[in-house]
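Me: I am new to this structure and would like to learn how to read its features one at a time. Could you give me the general idea each time, and then the case in hand?

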Amino acid sequence: METVAEVLNDTTAKIAKSFDALKQQFAGLRTGKASPAMVDGVQADAWGSKQPLKNIATISTPEPRQIKITPFDPSTIDGIMKAILAANLGVTPQSDGKVVRITVPELNEERRKEIVKQAKTLSEAQKVAMRNVRRDANDLVKKLEKDKKISEDDLKQALDKIQKATDDGIAKIDAELKAKEAEVMAV
């Protein structure tokens with residue numbers, strides 16, 4: 001990277017990716033409401049290899065507490081059932097031969113607290129990732145200054161902008177965590 005602008009653009013892009021990754025991880029957390037995102041990471045045996053469920057079936061939520069998985073090929077139902085059980089989602093799938101239905105049970109208080117704890121762990125991991133991005137960007141900008149490509153004033157401004165981008169990213173993570181915590185704890 002030759003300029004401060006390139007370093008800043010790269011840094012903000014990486015911070016945004018960290019935030020997007022957290023949102024995707026949060027979508028997979030069980031909140032007591034059915035969501036197709038709950039089965040996003042599940043891979044089922046189909047046609048001789050492991051396939052993501054979304055590639056071999058239509059996933060919908062016809063009711064607030066139910067996920068309906070309609071395979072494109074009915075012969076893959078057994079593989080889908082086994083994959084859901086193996087994924088350890090805390091749910092038991094039922095099949096009528098054409099469709100797999102998952103009923104999402106109510107969460108008890110203890111399980112809600114576990115999920116909030118898991119959400120906090122995930123958000124902390126993304127904060128660490130953002131801080132690592134900040135550290136790398138600071139190192140790049142300091143190297144530019146050391147190589148006499150930018151002045152000390154430019155260095156100070158760049159460091160301030162990098163810190164502000166990091167602070168903004170962490171604030172977004174905190175807001176997302178607070179929203180997820182409220183969603184999970186709502187009865």
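Me: To begin with a single residue, in which helix is Q157 found?

Reply: The model is a predicted one, and in it Q157 belongs to helix α5, which covers residues 152–185.

Me: Is Q157 buried or exposed, or something in between?

Reply: Burial is read from relative accessible area, where under 20% is buried and over 50% is exposed. Q157 has a relative accessibility of 47%, and therefore counts as partly exposed.

Me: How far is the C-alpha atom of Q157 from that of V4?

Reply: Distance along the chain and distance in space are to be read separately. Q157 and V4 are 153 residues apart along the chain, while their C-alpha atoms are separated by 9.6 Å.

Me: Which secondary structure elements does the whole chain have, and in what order do they run?

Reply: The protein chain has 5 helices and 6 strands, and, read from the N terminus, the order of its elements is α-β-β-α-β-β-α-β-β-α-α. The radius of gyration is 22 Å, well over the 16 Å that the globule rule gives for 187 residues, so the chain is more spread out than a compact globule. Its C-alpha trace spans about 70 × 40 × 25 Å along the principal axes.

Me: What share of the residues is buried, and how much surface does the chain expose?

Reply: Of the 187 residues in the protein chain, 36% are buried. The chain exposes about 10,900 Å², of which carbon and sulfur atoms supply 51%. As for contacts, if we take those between residues at least 6 apart in sequence, 61% of them join residues at least 24 apart.

Me: How should I read the packing of two helices, for instance at what angle do α1 and α4 pack?

Reply: One looks at the angle between the two axes and at how far apart the axes lie. Helix α1 (residues 4–27) and helix α4 (residues 109–146) pack at about 170°, and their axes are 10 Å apart. That angle is over 145 degrees, which means that α1 is roughly antiparallel to α4. On the α1 side the contact residues include V4, V7, T11 and K14, and on the α4 side they include A137, L140, V141 and L144. Sorted by class, this contact of α1 with α4 has 16 nonpolar, 5 polar and 1 charged residues.

Me: Are α1 and α5 roughly parallel or roughly antiparallel to each other?

Reply: The axes of α1 and α5 cross at roughly 10° and come within 10 Å, and the two helices are therefore roughly parallel. Among the residues that make the contact are V4, V7, L8 and T11 of α1 and A158, K161, I162 and A165 of α5. The contact of α1 with α5 has 12 nonpolar, 4 polar and 5 charged residues.

Me: Which way do α4 and α5 run relative to each other?

Reply: Here the axes cross at roughly 170° and come within 10 Å, so α4 and α5 are roughly antiparallel. The residues of the contact of α4 with α5 divide into 15 nonpolar, 6 polar and 12 charged.

Me: Within α4, are N138 and L144 buried or exposed?

Reply: Both residues lie in helix α4. N138 is buried, with a relative accessible area of 16%, and L144 is buried with a value of 4%. If its neighbours within four places in sequence are left aside, N138 is in contact with L159 and I162. L144 and V4 are 140 residues apart along the chain, and their C-alpha atoms are separated by 8.1 Å.

Me: Where is K148, and what is its phi?

Reply: K148 sits in the loop between α4 and α5, and its phi is near 65°, a positive value in a residue other than glycine. K148 is exposed, with a relative accessible area of 73%.

Me: Which residues of helix α3 are buried, and what covers them?

Reply: In helix α3 (residues 77–86) the buried residues are I77, G79, I80, M81, A83 and I84. What covers them includes β1, α2, β3, β4, β5 and β6. After α3 comes N88, whose phi is positive, near 55°.

Methods: Residues are numbered from 1 along each chain as its sequence is written. This is a predicted model: local features need pLDDT of at least 70, side-chain atom pairs count only at pLDDT 80 or more; totals for chains, interfaces and linings use all residues. Side-chain values use heavy atoms; hydrogens and water are left out. Axes are lines fitted to C-alpha atoms, for helices over the stretch in contact, and angles run from 0 to 180 degrees between N-to-C directions. Helices (H or I, at least four residues) and strands (E, at least two) are DSSP runs, numbered from the N terminus. Angles under 35 degrees count as roughly parallel, over 145 as roughly antiparallel, 65 to 115 as roughly perpendicular and the rest as oblique. Contact means heavy atoms within 4.5 Å. Ala, Val, Leu, Ile, Met, Phe, Trp, Tyr, Cys and Pro count as nonpolar, Asp, Glu, Lys and Arg as charged, and the others, Gly among them, as polar. The radius of gyration is taken over C-alpha atoms; the globule rule is 2.2 Å times the number of residues to the power 0.38. Buried means under 20% relative accessible area, exposed over 50%, partly exposed in between (1.4 Å probe, protein chains only). Accessible areas come from the Shrake-Rupley method with a 1.4 Å probe; for residues, only the protein chains shown count as cover.
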